Amino acid sequence: GNARMIVMKTSSLVGIVEFGSDQDDMIIAESNHRLAIEVVRRCGSINALNVSINITYRDSYGNVATDSHLNTSDYTVSSSEIHFGRGQESAYLYVDIIDDDVPELNEVLTLSLVPSSNATIGAESTVSITILSNDDPYGVFELADRNDVTIREGQSLYTNITVVRKRGLFGTVEVSWNSIGQTAIGVNDTQRMSSARLQQLILSVRSEKQAVDVDFIPASNTITFVEDQKTQNMRVFIKNDSIPELNESFTVILTAVNGTAMLGSIVNTTVIIEPKNDHVPHFASTFTSLLIQEDKPLASNPLYTAQAVDPDLGSSGHITYSILPSNCSWLDIVSATGVLSN
């Protein structure tokens with residue numbers, strides 16, 4: 001009799017599409033480079049096939065955009081569709097990562113194969129690409145001004161020194177600082193030191209318990225920047241006393257920041273305390289009167305040398321002598337020395 005052979009269909013004409021088996025999720029640094037992402041089909045490749053790609057993007061702020069554009073400031077995707085020709089079992093999608101100069105937290109790009117009436121999608125249907133945080137997203141912290149700060153003793157109980165946050169403004173960051181008298185560390189030295197070396201010297205000063213006799217209250221503290229905050233003040237308190245003194249100075253130093261935030265280049269400044277110089281000059285010894293008889297010859301000339309002192313230092317402590325009333329024509333005094341003569 002007649003024999004009949006039946007050929008069973010063992011695969012589809014277009015197959016099953018998924019990402020390549022070695023195509024794992026990726027975590028990368030932001031830099032200019034291209035990623036080649038393989039898409040394969042198995043169990044059939046007789047007919048040509050187009051498969052759509054859905055693109056989802058989560059930005060630094062956690063905002064998620066679905067069906068994202070192929071081109072953004074952070075990446076470009078070569079196509080939103082993969083094409084397989086007849087008999088073709090492998091195709092590539094290309095993602096170009098763009099290195100910008102914008103502070104950002106982690107960003108995530110997700111590529112998903114979209115099933116359709118013509119396309120059956122396998123188990124490996126998605127690939128995610130995480131672009132790591134970059135360009136100092138938590139900020140770079142430094143002093144607002146590299147110039148010295150000058151304050152006059154008695155004018156204020158404290159002085160504010162401003163710290164600025166540059167680059168990124170993400171997250172809450174704590175900034176640690178110290179103040180050190182110049183009898184412990186010299187101004188010229190601190191201006192040349194790295195923050196690590198300054199911190200080492202601070203610890204050395206504390207361990208040796210060196211006395212710092214200057215008109216400020218030594219402090220070690222932290223200031224907190226909340227998200228999006230650009231400036232914050234450190235407050236250093238000034239002591240007001242009645243001791244005659246020259247200019248005094250101390251150094252304020254940024255020593256550390258938490259997390260992955262960074263210290264900038266301007267981490268220390270010198271605060272100069274000018275003496276208030278408000279003392280009243282007085283004679284060195286008690287002076288009552290000097291008797292000069294008009295009809296007697298003068299025993300000596302000069303008649304007298306006045307001696308006065310002023311605790312103020314510098315030009316503010318300079319004393320000038322004069323005679324009152326000013327119309328006394330028969331006596332003369334040297335204004336700089338206090339020598340009285342006729």
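Is R34 buried or exposed? Select R34 and take a look: with a relative accessibility of 52%, R34 counts as exposed, because the cut-off for that label is over 50%. Keep R34 on screen, as the tour comes back to it shortly. Please bear in mind that this is a predicted model.

**The whole protein**

Start with a cartoon view. The protein contains two helices and 25 strands. Of its 342 residues, 38% are buried. About 20,000 Å² is exposed, and carbon and sulfur atoms supply 50% of that area. Among the contacts with a separation of 6 or more, 72% are between residues 24 or more positions apart.

**First stop: R34 and D96**

Now for the charged pairs. Side chains of opposite charge can pair when their charged atoms come close. A search of the whole structure finds six salt bridges. One of them is formed by the side chains of R34 and D96, at 3.0 Å from N to O. This pair links distant parts of the chain: R34 belongs to strand β3, D96 belongs to strand β8 (residues 90-97), and they are 62 residues apart. D96, at 23% relative accessibility, counts as partly exposed, while R34 counts as exposed.

**Second stop: R167 and D136**

Select R167 and D136 next. How far apart are their closest N and O atoms? The distance is 4.0 Å, and the two residues form a salt bridge. R167 sits in the loop between β14 (158-166) and β15 (173-181), and D136 in the loop between β11 and β12 (140-143), so the salt bridge ties together parts that are 31 residues apart in sequence. Both ends can be checked for exposure: R167 is partly exposed, with a relative accessible area of 35%, and D136 counts as partly exposed at 29%.

**Third stop: E142 and K166**

Move on to E142 and K166. Their side chains meet in a salt bridge, 2.6 Å from N to O. Here too the pair links distant parts of the chain, with E142 in strand β12 and K166 in strand β14, 24 residues apart. Which label does E142 get, buried or exposed? With a relative accessible area of 7%, E142 is buried, because that value falls under 20%. K166, in contrast, counts as partly exposed at 41% relative accessibility.

Before leaving the charged pairs, add D101 and D135 to your selection of D136 and R167. Salt bridges that share partners join D101, D135, D136 and R167 into one network.

**Fourth stop: two surface patches**

Switch to a surface view and color D22, D24, D25 and E124. These residues gather in a patch of negative charge on the surface. E124 is found in the loop between β10 (120-121) and β11 (126-131). At 42% relative accessibility, E124 counts as partly exposed.

For a patch of another kind, select L157, Y158 and F237. Together they form a nonpolar patch on the surface, with about 300 Å² of accessible area. F237 has its place in strand β17 (residues 231-237). Its relative accessibility is 40%, so F237 counts as partly exposed.

**Fifth stop: V149 and its surroundings**

Go to V149, which lies in strand β13 (residues 149-152). What does V149 touch, leaving out residues up to four places away in sequence? The answer is T159, T269, T270, V271 and I272. Select these as well to see the surroundings of V149. For a distance to try in your viewer, pick the C-alpha atoms of V149 and I161: they are 8.3 Å apart in space, and the residues are twelve apart in sequence. V149 counts as partly exposed, at 23% relative accessibility.

**Last stop: two positive phi angles**

Finish with the backbone. Select C43, in the loop between β3 (33-42) and β4 (49-58). C43 is not a glycine, yet it has a positive phi of about 60°. C43 is partly exposed, with a relative accessible area of 43%.

Then select D228, in the loop between β16 (220-225) and β17. What is the phi of D228 near? It is near 75°, a positive value in a residue other than glycine.

Notes
Residues are numbered from 1 along each chain as its sequence is written. This is a predicted model: local features need pLDDT of at least 70, side-chain atom pairs count only at pLDDT 80 or more; totals for chains, interfaces and linings use all residues. Side-chain values use heavy atoms; hydrogens and water are left out. Helices (H or I, at least four residues) and strands (E, at least two) are DSSP runs, numbered from the N terminus. Buried means under 20% relative accessible area, exposed over 50%, partly exposed in between (1.4 Å probe, protein chains only). Contact means heavy atoms within 4.5 Å. Patches are made of residues with over 30% relative accessible area and no salt bridge: like charges are joined within 9 Å, nonpolar side chains (Val, Leu, Ile, Met, Phe, Trp, Tyr) within 5 Å. Accessible areas come from the Shrake-Rupley method with a 1.4 Å probe; for residues, only the protein chains shown count as cover. Lys and Arg count as positive and Asp and Glu as negative; His and the chain ends are not counted. The place of a charge is taken as NZ of Lys, CZ of Arg, CG of Asp or CD of Glu.
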